[in-house]
Amino acid sequence: MTAVTEVLAPLATTRRWQEDLYVQLHQHPELSLHETRTAAEIQRRLTDFGYDVTPVGGGIVGVLRNGDGPTVLMRADIDALPVTERTGLPYASTDTTVDDDGNTVGLMHACGHDVHITTLLGAAQLLATTRDPWRGTFIALFQPAEETAAGAAAMVDAGLTDTIPRPDVAFAQHVLGYRAGHLGLIAGPMLSCADSIRITLFGSGTHGSMPQLGVDPIVLAAAVVQRLQGIVARELPPGERAVITVGALNAGTKSNVIPDRATLLVNTRVYSEQTRTTVLRAIERIVRAECEASGSPEPPTFEYYDQFPLTSNDPATTARVRAAFEQHFGTDRVFTMDPQSASEDFSRIPDAFGTPYTYWGLGGFPPGAQAAPNHSPFFAPVQQPTLTAGTEAAVVAALAYLATDVR
Ligand code: ZN
Ligand code: ZN
């Protein structure tokens, strides 16, 4: 019997409470940095499993020490989204809340973080129950506010590196639109680095019939929007991937009034720090130059927010986990996934420790299904085999480092 088969032996029992917990979590999602009930539930269960549990920066860390050996950390994100669920599932969320801007919004686990919580708790219990075939320390880390890029930083700022042992390796997984029970890995850049920028352009307000007396920020904003699209086409090498989206352009109130300012919300996605520097510098340069060209009375302002770091998987860690997955699941269930244009703040946690990591995709949909994407009100991964495969993947990856029969 291998360490993996020994630790996974009680999986059928784990599966029963996991399905109940999943439904409970799915019905009662909580917004980023408001995950109090969810965190309390995680804390209670980890304590029951025998972990040393500490709340840190709105998240929960559980540490399970089992003799001398490597330290492995696995992260699950726990927040939900202000989306009104339309899946029609019997356990669909009908909860609403008032968001930070005072609006009543629906609540939904539309990104599958309920899958991540349930699978990591399952793996945490399995590793705690069967400790003979492994040595070392397993850390189950539950992170708030992934969706706003605030949660990993909140945990690091609250002293995470002084609270838990330094991990030798770190993992995270995300349920995505692949076939349920299948696992996608990739070495190197896996998720993009993202920045959001609120750009304010200043004009000079005047009567709509007398444009010569002012500076029109709407014409200025239009020139900026057009010109920003030239960055990817003309300033990056062919083949270098990047996205620049102007997601909002706000100015004016009335047809016969030229307003005094315009605001752009710009979002960028890139796959290297070098490209990030090139893109952000180019955006600022173009905006300043267009303001100059328009005779803007004040320099533009740039406010950066919702910034996500690059997720770049360590090749050696990825290869080791992939080999373990292929051995356990079979090569037909393990594939090389494409880099995703979405972003994550997970890497801030291993980066705070200088720890290599790998982040893999967990399929959650029936074969041939046209899966609604993450964040859609129709996002509905199937419970099984998703929950079981995610639990197995966490255990198999951890044991690739902790099992006494691999060292
Ligand atoms: Zn998401
Ligand atoms: Zn997510």
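**Exercise 1. Find the partner of Leu-183 in β18, then work out which strands β18 pairs with and in which sense.**

Solution.
- Start at the residue level: Leu-183 sits opposite Leu-362 of β18.
- Step out to the strands, which are DSSP runs of E with at least two residues, while helices are runs of H or I with at least four, all numbered from the N terminus. Strand β8 (residues 183-185) and β18 run antiparallel and share 2 bridges. Two strands pair if DSSP finds at least two bridges between them.
- Now take β7: this strand and β18 pair in the parallel sense, over 8 bridges. Here Gln-173 stands opposite Trp-360 in β18.
- Finish with burial: 9 of the 9 residues of β18 are buried. Buried means under 20% relative accessible area, exposed means over 50%, and partly exposed lies in between (1.4 Å probe, protein chains only).

A word on the numbers before moving on. This is a predicted model, in which local features need pLDDT of at least 70 and side-chain atom pairs count only at pLDDT 80 or more, while totals for chains, interfaces and linings use all residues. Residues are numbered from 1 along each chain as its sequence is written, chains are lettered from A and ligands numbered from 1 in the order in which they are written, and side-chain values use heavy atoms, with hydrogens and water left out.

**Exercise 2. List the protein donors of the zinc ion (ligand 2) and say where its two histidines sit.**

Solution.
- Look for donors, meaning N, O and S atoms within 2.8 Å of the metal (3.2 Å for Na, K and Ca); water is not among the atoms, so sites may look incomplete.
- That gives Cys-111 (SG), His-113 (NE2) and His-174 (NE2), at 2.1 to 2.3 Å from the ion.
- Place the histidines: His-113 belongs to helix α4 (residues 113-129) and His-174 to strand β7 (residues 169-179), so the pair links parts of the chain 61 residues apart.
- Read the spacing along the sequence as C-x1-H-x60-H.
- Check exposure: His-113 is buried because its relative accessibility is 0%, and His-174 is buried too, at 6%.

**Exercise 3. Describe the geometry at the zinc ion (ligand 1), and name the residue that bridges this ion and the zinc ion (ligand 2).**

Solution.
- Collect the donors: Cys-111 (SG), two OE atoms of Glu-147, and His-375 (NE2), at 2.0 to 2.6 Å.
- Go through the angles: the 4 donor atoms subtend 54 to 151 degrees, so the arrangement is irregular. Four donors count as tetrahedral if all angles lie between 85 and 135 degrees; four count as square planar and six as octahedral if opposite donors are over 155 degrees apart and all others between 65 and 115; anything else is irregular.
- Spot the bridge: Cys-111 joins the zinc ion (ligand 1) and the zinc ion (ligand 2), which lie 3.0 Å apart.
- Follow the chain: Cys-111 is in the loop between β5 (104-106) and α4, and His-375 is in the loop between β18 and α12, 264 residues away.
- Compare exposure: Cys-111 is buried at 7% relative accessibility, whereas His-375 is partly exposed at 38%.

**Exercise 4. Sort out the backbone oddities at Pro-385 and Ala-145.**

Solution.
- Take Pro-385, in the loop between β18 (357-365) and α12 (386-402). Its bond to Gln-384 is a cis peptide, with omega about 10 degrees.
- Turn to Ala-145, whose phi is positive, near 50 degrees, in a residue other than glycine. This buried alanine has a relative accessible area of 0% and lies in the loop between β6 (136-143) and α5 (151-157).
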